[in-house]
Amino acid sequence: MGRRPNISYFHQFGCTCYILNNKLYLKKFDANAQRGIFLGYSERSKAYKVYNSETLCVEESMHAKFDDKEPGNETPK
Amino acid sequence: MFGKTNCTIINKDENSIVFKGKRIENVYKINFSELVDQKVICLLSVNDKKWVWHRRLGHANWRLIYKLSKLQLVKGLPSIDYHSDALCGACQKGKIAKSSFKTKYIVSTSRPLELLHIDLFGPVNIASLYRSKYGLVIVDDYSTWTWVKFLRSKDKAYDVFSNFCTQIQSEKEMKILKVRSDHGGEFENEPFETFCEKHGIIHEFSSSRTPQQNGVVERKNRTLQEMARTMIHENNLAKHFWAEAVNTICYVQNRIYLRPILEKQHMNF
């Protein structure tokens, strides 16, 4: 028996997420986050694989918040 | 369908009548007490209301709204359940912050050389006696034993690390399993990857722009530099002795370092 795996960081595949933008220098009233879609977990670091819908590319980030709820229940925008 | 005196609400799919209402002045009223025997599940979702109030109060924190309504501190706020497991998109865009980094209270490795943390510090503005400007710090996760290697330039990191690997593996007769580093160009390059593949070493990275995840070796870096600086300035030594000072501190630290989790010194290594 090995260690019990930790699954507390799991999220629904394809759910909406918000990725903290720590690449660019942000001005005071710029949006802090970008909308994205959750794609999975990174193999080589402790991070999530996400598709950034605003820059249209896949990136790895650990500073993300996920909208984990029933699929099809749209959040008010 | 709305008529002059009454209205009927019809389910389109089944063509059955759901409600019948009478018109009283300008309002169609439905008597719900007559509908008890019918299956009426949901008439209006209260959900929308809480989102309206969330926005009206300038996207205030859910906990704050809940408290205001529960303790009745303001007039006119309806008392409904102000809890939400759904995220508000606008809130995230405006308020998102970096995630926190929790301290670990267990030792995750079970033998020496299972996991090595590596990092580079420098450039130091004054070259040492042997003209090195960078320091390569290698920390073993299990025993927290530290090695410091001095480099003249960053591109030497690969050669030094590969020599170190072969030497330490044959010395201890143990295999290195994992190496963890940041996304620095001196670690994330082709010869380094091929070396790792050849020797069966898994190369892990901390997430980009997140030095907190490389904390073990970053903290060691700080200790080494702080103590070396203290020692040099105490004795008014010339600054190009920094490599010697760091080396001494590394030697001393390996023998006196107390691990906070275990409250004891290094396991024998």
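Colleague: How many residues of chain A are in contact with how many residues of chain B?

Modeller: This is a predicted model, and in it the two chains meet along an interface that can be counted from either side. Contact here stands for heavy atoms within 4.5 Å. On that basis the numbers are 26 residues of chain A and 28 residues of chain B.

Colleague: What area is buried between chain A and chain B, and what percentage of this area do carbon and sulfur atoms give?

Modeller: The area buried between chain A and chain B comes to about 2,200 Å². Of that area, the part given by carbon and sulfur atoms is 55%.

Colleague: How many salt bridges, and how many residue pairs in polar contact, are found between chain A and chain B?

Modeller: For salt bridges across the interface of chain A and chain B, the rule finds 2. For polar contacts between chain A and chain B, counting pairs in which both residues are at pLDDT 80 or more, the number of residue pairs is 12.

Colleague: Which strand gives the largest share of the side of chain A that touches chain B?

Modeller: Strand E1 (16-20), strand E2 (33-41) and strand E5 (64-66) of chain A each supply at least two residues of the side that touches chain B. The largest share of that side amounts to 3 residues, and the strand that supplies them is E1(A).

Colleague: How do the residues of the side of chain A that touches chain B divide into nonpolar, polar and charged?

Modeller: The residues on this side of chain A fall into three classes, with 9 of them nonpolar and 5 polar. The number of charged residues on the side of chain A that touches chain B is 12.

Colleague: Which residue of chain B meets the side chain of A:Glu54 in a salt bridge, and where does that residue lie?

Modeller: A:Glu54 lies in the loop between E3 and E4 of chain A, and the pair crosses from there to helix H3 of chain B. A:Glu54 is partly exposed at a relative accessible area of 41%, and its partner is also listed as partly exposed, at 27%. The N to O distance is 3.0 Å, and the partner is B:Lys93, in helix H3 of chain B.

Colleague: Why does the salt bridge of A:Glu59 and A:Lys23 tie together parts that are apart in sequence?

Modeller: Side chains of opposite charge can pair when their charged atoms come close. In the pair of A:Glu59 and A:Lys23, the closest N and O atoms are 3.3 Å apart. A:Glu59 counts as buried at 13% relative accessibility, whereas A:Lys23 counts as partly exposed at 46%. Because A:Glu59 lies in strand E4 of chain A and A:Lys23 in the loop between E1 and E2, the pair joins parts whose separation in sequence is 36 residues.

Colleague: In which sense do strand E3 and strand E4 of chain A pair, and which residue in the turn has a positive phi?

Modeller: Strand E3 (residues 48-52) and strand E4 (residues 57-61) of chain A pair over 5 bridges, in the antiparallel sense. One of the residues involved is A:Lys49, whose bridge partner in E4(A) is A:Glu60. The two strands form a hairpin with 4 residues between them, and the turn residue with a positive phi, of about 60°, is A:Leu56.

Colleague: Is A:Ala64 buried or exposed?

Modeller: A:Ala64 has its place in strand E5 of chain A. Leaving aside neighbours within four places in sequence, A:Ala64 is in contact with A:Tyr18 and A:Ile19. The cut-off for burial is under 20% relative accessible area, so A:Ala64, at 16% relative accessibility, counts as buried.

Colleague: With which side chain does the side chain of B:Thr109 make a polar contact?

Modeller: B:Thr109 lies in the loop between helix H3 (89-95) and strand E4 (115-121) of chain B, and B:Thr109 is buried, with a relative accessible area of 9%. Leaving aside neighbours within four places in sequence, the residues in contact with B:Thr109 include B:Glu114, B:Leu115 and B:Tyr142. The polar contact of the B:Thr109 side chain spans 2.9 Å, and the side chain at its other end is that of B:Asp141.

Colleague: What percentage of the residues of chain B count as buried?

Modeller: Chain B has 7 helices and 8 strands. Out of the 269 residues of chain B, the share that counts as buried is 35%.

How values were computed. Residues numbered from 1 in each chain as written. Chains lettered and ligands numbered in written order. Predicted model: local features only at pLDDT ≥ 70, side-chain atom pairs only at ≥ 80, totals over all residues. Heavy atoms only, no water. Buried area = accessible area lost by both parts, 1.4 Å probe. Salt bridge = Lys/Arg side-chain N within 4 Å of Asp/Glu carboxyl O. Polar contact = N/O pair within 3.5 Å; in protein donor to acceptor, adjacent residues only side chain to side chain. Nonpolar A, V, L, I, M, F, W, Y, C, P; charged D, E, K, R; others polar. Buried < 20%, exposed > 50% of the residue type's maximum accessible area, 1.4 Å probe, protein only. Pairing = 2+ DSSP bridges.
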